[in-house]
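Let's take a friendly walk through a protein model, one step at a time. Have a look at the fold before reading on.

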Amino acid sequence: MQFLYEPIGLSHFLAVGAFLFVTGIVCMATKRNALGILMGIELVLNGAILNFVGFASPYFREDNLGLDGHLIALFVIVLAAAEAAVALAIALNFYNNHATIDVDKAQELKG
């Protein structure tokens, strides 16, 4: 139980970020509906954001502000919000036309 009293370091950020990334990849590979795949994409992006914030730690910067990781994380959050809005609009349109969100039925969208 000694590890609970250690300060949070870069290895902790990287471990949680890797766990989120792998969980997102598994979610994207195993889910059959569009909402599950979108949830996996969000987990992958959150794992990457956590790694960026971990590398922007004050322990790695000496003469700069160290905001690079935070700014990239902010950009990825904005990108994820836009991606979620567009993907949910596509999923709702597909559901209105086909009464399902199963991605195997999406082969009919050629055009």
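Helices and strands here are DSSP runs, with at least four residues for a helix and at least two for a strand, numbered from the N terminus. Keep in mind that this is a predicted model.

**The overall fold**

The chain holds three helices and zero strands, and reading along the sequence gives the pattern α-α-α. Of its 111 residues, 18% are buried. Take the contacts between residues at least 6 apart in sequence: 55% of them join residues at least 24 apart.

**What the record says**

The unreviewed UniProt entry carries the annotation "transmembrane region" for residues 12-30, 37-60 and 72-95. Here is how two of these spans look in the model:

| Span | Helix | Strand | Distance between end C-alpha atoms |
|---|---|---|---|
| Residues 12-30 | 100% | 0% | 27 Å |
| Residues 72-95 | 100% | 0% | 34 Å |

**Helix α2**

How far apart should the ends of helix α2 be? This helix runs over residues 34-55, and at 1.5 Å a residue its 22 residues should span 32 Å. The end C-alpha atoms are indeed 32 Å apart, so the model agrees with the expected value.

Several residues of α2 are buried: Gly 36, Leu 38, Gly 40, Val 44, Gly 47, Ile 49 and Gly 54. What do the buried residues of α2 pack against? Their partners are α1 (10-30) and α3 (68-98).

**A closer look at Phe 13**

Phe 13 sits in helix α1. Is Phe 13 buried, partly exposed or exposed? Its relative accessibility is 27%, and because the partly exposed class lies between 20% and 50%, Phe 13 counts as partly exposed.

Leaving aside neighbours within four places in sequence, Phe 13 is in contact with Ile 8, Leu 50, Asn 51 and Gly 54. One of these, Gly 54, is among the buried residues of α2. Phe 13 and Phe 55 are 42 residues apart in sequence, yet their C-alpha atoms lie 8.6 Å apart in space.

**The largest pocket**

The largest pocket holds about 150 Å³ of space. Eleven residues line this pocket, and the closest to its centre are Ala 34, Ile 90, Ala 91, Phe 94 and Val 103. Helices α2 and α3 each supply at least two residues of the lining, and α3 gives the most, with four. Which classes of residue make up the lining of the largest pocket? Ten are nonpolar, one is charged and none is polar.

Terms used:
Residues are numbered from 1 along each chain as its sequence is written. This is a predicted model: local features need pLDDT of at least 70, side-chain atom pairs count only at pLDDT 80 or more; totals for chains, interfaces and linings use all residues. Side-chain values use heavy atoms; hydrogens and water are left out. The expected span of a helix is 1.5 Å times one less than its number of residues. Buried means under 20% relative accessible area, exposed over 50%, partly exposed in between (1.4 Å probe, protein chains only). Contact means heavy atoms within 4.5 Å. On a 1 Å grid over the protein atoms alone, a cavity is a set of points where a 1.4 Å probe fits but cannot get out, and a pocket is an open set with protein on both sides within 12 Å along at least five of seven lines; lining residues have an atom within 4 Å of a point. Grid points are joined across faces, edges and corners, and a volume is the space filled by probe spheres set on the points. Ala, Val, Leu, Ile, Met, Phe, Trp, Tyr, Cys and Pro count as nonpolar, Asp, Glu, Lys and Arg as charged, and the others, Gly among them, as polar. UniProt positions are given in the numbering used here, feature names are shortened, and annotations may be inferred rather than shown by experiment.
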